[in-house]
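Good morning. Please have a look at the structure on the screen, and I will walk through it one part at a time.

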Amino acid sequence: SSGINAEWSLRPGCKLGILCHIQEIIDVCERTLVEDQSPLAKKGAILVIANFIESQDKSLFHELERETLRIYRLLKKVTASRYDEEVEHRALQALGVLSGIVREFMFPKTKIQHDIKIL
């Protein structure tokens with residue numbers, strides 16, 4: 001994927017820097033969605049979050065559980081509130097993608113392998 005690949009977690013010091021940037025993105029988007037009165041600003045914030053979710057390696061969300069939960073709760077808040085219809089729709093789409101990613105980590109598909117031996 002075009003986002004941060006799984007290799008980032010292997011480099012010491014990199015994880016903290018990325019975490020700080022991710023937290024900042026979430027903070028700014030959350031403040032915009034909660035406090036800003038401009039529908040255009042709210043659309044921009046939800047697009048940032050949606051594009052972030054869609055562009056990152058799925059393992060990032062598993063490694064950063066607290067931030068994943070914050071994003072999930074923010075998206076749920078947006079879908080439950082009376083925002084612009086386009087913002088709500090985009091939040092629902094992003095929530096669906098994020099839910100799918102989390103579901104894959106919580107309930108990994110198990111592969112059953114049968115060896116058939118002919119005597």
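R90 is buried, and its relative accessible area is 17%. The cut-off for buried is under 20%, so the value for R90 falls inside that class. I should say at once that this is a predicted model.

Where does R90 sit? The answer is helix α5. What does R90 touch, if we leave aside its neighbours within four places in sequence? The contacts are I46, L47, A50, N51 and E54. Two of these contacts deserve a further word. With N51, the side chain of R90 makes a polar contact of 3.4 Å. With E54, R90 forms a salt bridge, and there the closest N and O atoms are 3.4 Å apart. That salt bridge links distant parts of the chain, since E54 belongs to helix α2 and R90 to helix α5, 36 residues apart. Is E54 buried or partly exposed? E54 counts as partly exposed, at 40% relative accessibility.

Now the salt bridges more generally. Side chains of opposite charge can pair when their charged atoms come close. How many salt bridges are there in this model? The count comes to 5.

One of them joins D27 to R70, with the closest N and O atoms 2.5 Å apart. D27 lies in helix α1, residues 14–35, and R70 in helix α4, residues 65–80, so this pair ties together parts that are 43 residues apart in sequence. Both ends have some access to the surface: D27 is partly exposed at 30% relative accessible area, and R70 is partly exposed at 26%. Which residues form a network of salt bridges here? They are D27, E30 and R70.

Another salt bridge is formed by E86 and K43, where the closest N and O atoms are 3.5 Å apart. This pair also links distant parts of the chain, with E86 in helix α5, residues 85–106, and K43 in helix α2, residues 39–55, 43 residues apart. K43 counts as partly exposed, at 24% relative accessibility.

Let me step back to the overall layout. The protein has 5 helices and 0 strands. Read from the N terminus, the elements run α-α-α-α-α. How much of the protein is buried? Buried residues make up 30% of its 119 residues. As for the contacts between residues at least 6 apart in sequence, 63% join residues at least 24 apart.

Next, the core. In soluble globular proteins, nonpolar side chains tend to be buried together. Here the largest nonpolar core has 26 residues, and the members that touch the most other members are L33, I49, I53, I71, L75 and V78. Which elements give two or more residues to this core? They are α1, α2, α3 (58–63), α4 and α5.

Take V78 from that group. Not counting residues up to four places away in sequence, V78 touches L33, I46, Y83, V87, E88 and A91. L33 is itself on the list of core members with the most contacts to other members, and I46 also touches R90.

Then there are the aromatic rings. The structure holds 1 aromatic pair. Its rings belong to F52 and F61, with centres 5.9 Å apart and planes at 80 degrees, so the pair is edge-to-face. The cut-off for edge-to-face is over 60 degrees. Are these two residues buried or exposed? F52 counts as buried at 12% relative accessibility, and F61 is buried with a relative accessible area of 4%.

F61 is placed in helix α3. Apart from residues up to four places away in sequence, F61 touches F52, I53, Q56, T68, I71, L98 and I101. Of these, I53 and I71 appear among the core members that touch the most others. From F61 to I71 is 10 residues in sequence, and their C-alpha atoms are 9.9 Å apart in space.

Last, the cysteines. How many disulfides does the structure hold? The number is 0. C20 counts as partly exposed, at 39% relative accessibility, whereas C29 counts as buried, at 4%.

To close, I return to the starting point: R90 is buried, it sits in helix α5, and it forms a salt bridge with E54. That is all I have.

How values were computed: Residues are numbered from 1 along each chain as its sequence is written. This is a predicted model: local features need pLDDT of at least 70, side-chain atom pairs count only at pLDDT 80 or more; totals for chains, interfaces and linings use all residues. Side-chain values use heavy atoms; hydrogens and water are left out. Rings of Phe, Tyr and Trp (its six-membered ring) pair if their centres lie within 6.5 Å; planes under 30 degrees apart count as stacked, over 60 as edge-to-face and the rest as tilted. Buried means under 20% relative accessible area, exposed over 50%, partly exposed in between (1.4 Å probe, protein chains only). A salt bridge is a side-chain nitrogen of Lys or Arg within 4 Å of a carboxyl oxygen of Asp or Glu. Helices (H or I, at least four residues) and strands (E, at least two) are DSSP runs, numbered from the N terminus. A nonpolar core is a set of buried Ala, Val, Leu, Ile, Met, Phe, Trp, Tyr and Cys residues joined through side-chain atoms within 4.5 Å. Contact means heavy atoms within 4.5 Å. A disulfide is a pair of cysteine sulfur atoms within 2.5 Å. A polar contact is a pair of N or O atoms within 3.5 Å; within protein, one must be able to donate a hydrogen and the other to accept it, and residues adjacent in sequence count only if both atoms are side-chain atoms.
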